[in-house]
Amino acid sequence: MAYTQKQMDKFNRQKYITELEKISKNIFRMLRDDNVSSKDFVLKLAQLKKRFDERVEVQLDSEYHQQLKAYIIRLHRVTCLDEMFCDKNFDDIRDAEMSNLNRLQKLKNGASYKKDKHKSKRQNEDWG
């Protein structure tokens, strides 16, 4: 069975977005774990980024996914591509990077709340 171009595009898009999400979850897990050294972090992030770069690049429509991609690229640049990156640097950026990830998560979750057009219905529900 041959797949249509639209089906292949959708598949590639889903895989690309899933890979982004996977990287962010791994980053968060590593930042939260005090036993992870800068060396471990760099190795794992480089490995995740390499797999991500092998994916077919797709156009990201949501602001959350665009910012997540930019965040991952920036974090990779300041950690993996910095030869002077060490445990002290890692400890210095740990809290700030967890805050950045939390902000991104809030951006993602902001889309799951009800739209303004439904608010008036909810406000008037208890009126008898």
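**Helix crossings and serine 24**

Colleague: Which hand does the crossing of α2 and α3 have, left or right?

Modeller: This is a predicted model. α2 and α3 pack with their axes 10 Å apart. Their crossing is left-handed.

Colleague: Are α2 and α3 perpendicular or oblique to each other?

Modeller: They pack at an angle of about 135°. Roughly antiparallel would need an angle over 145 degrees, and roughly perpendicular would need 65 to 115. The angle fits neither class, so α2 and α3 are oblique.

Colleague: Which residues of α3 make the contact with α2?

Modeller: Start from the α2 side, which uses Phe41, Val42, Leu45, Ala46, Lys49 and Phe52. Their partners on α3 are Lys69, Ile72, Ile73, Leu75, His76 and Thr79.

Colleague: Where is serine 24 found, in which helix?

Modeller: Look at residues 5-32, which form one helix. That helix has 28 residues and reaches 41 Å from its first C-alpha to its last, close to the 40 Å expected. Serine 24 is in α1.

Colleague: Is serine 24 buried or exposed?

Modeller: Its relative accessibility is 8%. Buried means under 20%. Glu21 and Ile23 are also among the buried residues of α1. Serine 24 therefore counts as buried.

Colleague: What does the side chain of serine 24 reach?

Modeller: The partner atom belongs to the backbone. The distance is 2.8 Å, and a polar contact needs N or O atoms within 3.5 Å. The side chain reaches the backbone oxygen of glutamate 21.

Colleague: Which residues is serine 24 in contact with, leaving aside its neighbours within four places in sequence?

Modeller: The buried residues of α1 pack against α2, α3 and α4. Serine 24 is one of these buried residues. Beyond its sequence neighbours, its contacts are Leu68, Ile72 and Leu101.

Colleague: Are α1 and α4 perpendicular or oblique to each other?

Modeller: Their axes come within 9 Å and cross at roughly 140°. The contact includes Ser24 and Met30 of α1, with Leu101 and Met98 among the residues of α4. Their crossing is left-handed. Roughly antiparallel needs over 145 degrees, so α1 and α4 are oblique.

Colleague: How many helices are there in the protein chain?

Modeller: Read along the sequence, the pattern is α-α-α-α-α. The chain has zero strands. The helix count is five.

Colleague: Among contacts between residues at least 6 apart in sequence, what share join residues at least 24 apart?

Modeller: The chain has 128 residues, and 30% of them count as buried. Contact means heavy atoms within 4.5 Å. Of those contacts, the share joining residues at least 24 apart is 80%.

Notes. Residues numbered from 1 in each chain as written. Predicted model: local features only at pLDDT ≥ 70, side-chain atom pairs only at ≥ 80, totals over all residues. Heavy atoms only, no water. Helix = DSSP H or I, 4+ residues; strand = E, 2+ residues; numbered from the N terminus. Buried < 20%, exposed > 50% of the residue type's maximum accessible area, 1.4 Å probe, protein only. Polar contact = N/O pair within 3.5 Å; in protein donor to acceptor, adjacent residues only side chain to side chain. Expected span 1.5 Å × (residues − 1). Axes fitted to C-alpha atoms, helices over the stretch in contact; angles between N-to-C directions. Parallel < 35°, antiparallel > 145°, perpendicular 65-115°, else oblique. Left-handed = near helix turned anticlockwise from the far one by under 90°.
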